[in-house]
2 protein chains.
Amino acid sequence: MPRLKNEEPNTHRTMHVVNHIRSLIENGTLQPGDKIPPEREFARTLKISRASLRTGIGYLAAMGVMKIRHGVGTFVADGPPEFGKASLSLMGALHGFQTWQMFEARIILESHLAALAAERGKEEHHAALAEEVAEMFATLDDPANYLIHDLMFHRIVSQASGNPILAALIETITSALYDKRRKTVERSTDRRESAEMHREIYRAIRARKPVEARKLMDQHLRMAQAAQGMERPSERKPSPAPRSKSARLASLVS
Amino acid sequence: MPRLKNEEPNTHRTMHVVNHIRSLIENGTLQPGDKIPPEREFARTLKISRASLRTGIGYLAAMGVMKIRHGVGTFVADGPPEFGKASLSLMGALHGFQTWQMFEARIILESHLAALAAERGKEEHHAALAEEVAEMFATLDDPANYLIHDLMFHRIVSQASGNPILAALIETITSALYDKRRKTVERSTDRRESAEMHREIYRAIRARKPVEARKLMDQHLRMAQAAQGMERPSERKPSPAPRSKSARLASLVS
DNA sequence: TGTATACTTGTGGTCTGACCTCTAAAAGTA
DNA sequence: TACTTTTAGAGGTCAGACCACAAGTATACA
């Protein structure tokens, strides 16, 4: 009878550090933005070498939980939740992720997010969304700033959805998509049309019409995708055939 | 005006290692399952210290790209794509993720995945799904093995969707959810009902009925959620008031 | 002959302590 | 006051020794 997969406590010291910091976060001792003690001092406290401590901190930093600033200190991440920054990018290199797949994932997630935002959004969110829409119309001729408010709008929708996990997933994908996006030279007419779509989405959310919000967001994102020629190709490269049963089982048991 | 992004070329050596390995993966020199050279030798090749090399490898391992085995070697990950295992768990501790939110994310993602699988699934996937369904019926009285085939069924649906990014997101969430799930003592009648739902999902996918597959998967997952009492509470508990920074720092020296 | 134990080898894990680089704030100077 | 220089403290890197683990190989014993 095969045992079910269970991860190996490979790195004792590393996990010790990770679990220690984890508990500090869980009991509220450490909060987003807080600075942890200097490495030399912290290592002495935990009775481990500085090297091991650094391994653990590096682990946390890789996953976006900690933020290291050379010459300043190490801090608990305080931005919007997001998985390891290079994560998606690296996984893409490893498993051959395509840009259209990122768009597809984003459309699916964010459409639902809009619906949830329409159901659960609070007054603060409505106000913030309205502000961003106004800013978008005010910066139609300023692409750089327009993009900022565009991103902000979507981020607020994520927050309004009341599900930080979905928000974090979106944030990760958007972040990976951002580089490609900034290269697209949007025309002014595109921005006006885009701004008006955002306004409609905002109205649907404020009016608590989940179905409509979802539909509008889906429409908006598909248009944005088309504007960058990132649609799914009609002929996909042949996806790898499913692995044999034995191979599938092998990865499921330890 | 808020700045957009603040890139962090913090760790020169670390990123050097990461980018090097990344390029090795991208040009096909390294493939999933491959072993990288021993640390001492690799460090000499890259003309950096072993410590720095280890920092970079640790970074990749934290994100699930590499797999380190003490006393054996370091390998490129070969399992299903998945973000750092502890990632979601740690982010949860940091941002207060709730179990019902994980379920919600899973339901949304996997329902769509079922629809995509119905659109794009190939013969191999249909065959593999049929096999898993059969195994589920054959192991109704063997909870441990039943669970294996349950997980396998969902994993094949992910593969059949043709979007490895969505599959990776699901895998990450499922992995985090797994611990809680295994504790639930399922009754035999529950398993029979569950197996029949899987069979219906399979039939919808094979018949290429996306809407039906999506609906059935949604229904199945909501039932599974209910079976574990993980529904979204009607009244969410208010987040605890943050302690003062001085108080937090005081208890940091354990 | 066969099996069990001990040894050897190779790999990652940890420690020590010194030195380098970066940042921000203090001190000095015009 | 405003600018420049110095300095203290933080993370980054290095080198080499030694520890711990896993696998294979050789040896000893029954």
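**Note on a predicted protein–DNA model**

1. A base nitrogen of DNA strand D lies 2.8 Å from an N or O atom in the side chain of Arg50(A). The model in which this contact appears is a predicted one, and the points below take up DNA strand D, then DNA strand C, and then two helix pairs of chain B.

2. Arg50(A) is also among the residues that come nearest to DNA strand D, together with Glu39(A), Arg54(A), Arg13(B) and Ser52(B), out of 24 residues around that strand. Of the atoms of DNA strand D that come within 4 Å of the protein, sugar and phosphate account for 68%.

3. Two contacts with the phosphates of DNA strand D may be set beside the base contact of Arg50(A). In one of them, a polar backbone atom of Arg13(B) is 3.0 Å from a phosphate oxygen of the strand, and in another an N or O atom in the side chain of Thr74(A) is 3.5 Å from a phosphate oxygen. The elements giving two or more residues to this surface are α2 (39–46), α3, β1 (66–69) and β2 (73–76) of chain A, along with α1 and α3 of chain B. Sorted by class, the surface near DNA strand D has ten polar, nine charged and five nonpolar residues.

4. Turning to DNA strand C, one finds 23 residues surrounding it, of which Arg13(A), Ser49(A), Ser52(A), Arg50(B) and Arg54(B) are the closest. Sugar or phosphate makes up 67% of the atoms of DNA strand C within 4 Å of the protein, and the rest belong to bases.

5. The contacts of DNA strand C include one from the side chain of Ser49(A), where an N or O atom is 2.7 Å from a phosphate oxygen, and one from Glu39(B), where a polar backbone atom is 2.9 Å from a phosphate oxygen. A base is reached as well, since a backbone N or O atom of Gly71(B) lies 3.1 Å from a base nitrogen of this strand.

6. For the surface near DNA strand C, at least two residues each are supplied by α1 (12–26) and α3 (50–62) of chain A and by α2 (39–46), α3, β1 (66–69) and β2 (73–76) of chain B. Its residues divide into ten polar, nine charged and four nonpolar.

7. Within chain B, the axes of helix α1 (residues 12–26) and helix α3 (residues 50–62) come within 8 Å and cross at roughly 60 degrees, which means that α1(B) is oblique to α3(B). The crossing is right-handed, and the residues that meet include Val17(B), Val18(B) and Ile21(B) from α1(B) and Leu53(B), Ile57(B) and Leu60(B) from α3(B). Eight of the residues in this contact are nonpolar, four are polar and one is charged.

8. A second helix pair in chain B joins α5 (residues 99–120) and α10 (residues 210–227), which pack at an angle of about 155 degrees with their axes 8 Å apart; because of that angle, α5(B) counts as roughly antiparallel to α10(B). Here too α5(B) passes α10(B) in a right-handed crossing. Among the residues making the contact are Trp100(B), Phe103(B) and Ile107(B) of α5(B) and Met217(B), Leu221(B) and Arg222(B) of α10(B). By class, this contact has ten nonpolar, six charged and three polar residues.

How values were computed
Residues numbered from 1 in each chain as written. Chains lettered and ligands numbered in written order. Predicted model: local features only at pLDDT ≥ 70, side-chain atom pairs only at ≥ 80, totals over all residues. Heavy atoms only, no water. Axes fitted to C-alpha atoms, helices over the stretch in contact; angles between N-to-C directions. Helix = DSSP H or I, 4+ residues; strand = E, 2+ residues; numbered from the N terminus. Parallel < 35°, antiparallel > 145°, perpendicular 65-115°, else oblique. Left-handed = near helix turned anticlockwise from the far one by under 90°. Contact = heavy atoms within 4.5 Å. Nonpolar A, V, L, I, M, F, W, Y, C, P; charged D, E, K, R; others polar. Near = heavy atom within 4 Å. Polar contact = N/O pair within 3.5 Å; in protein donor to acceptor, adjacent residues only side chain to side chain.
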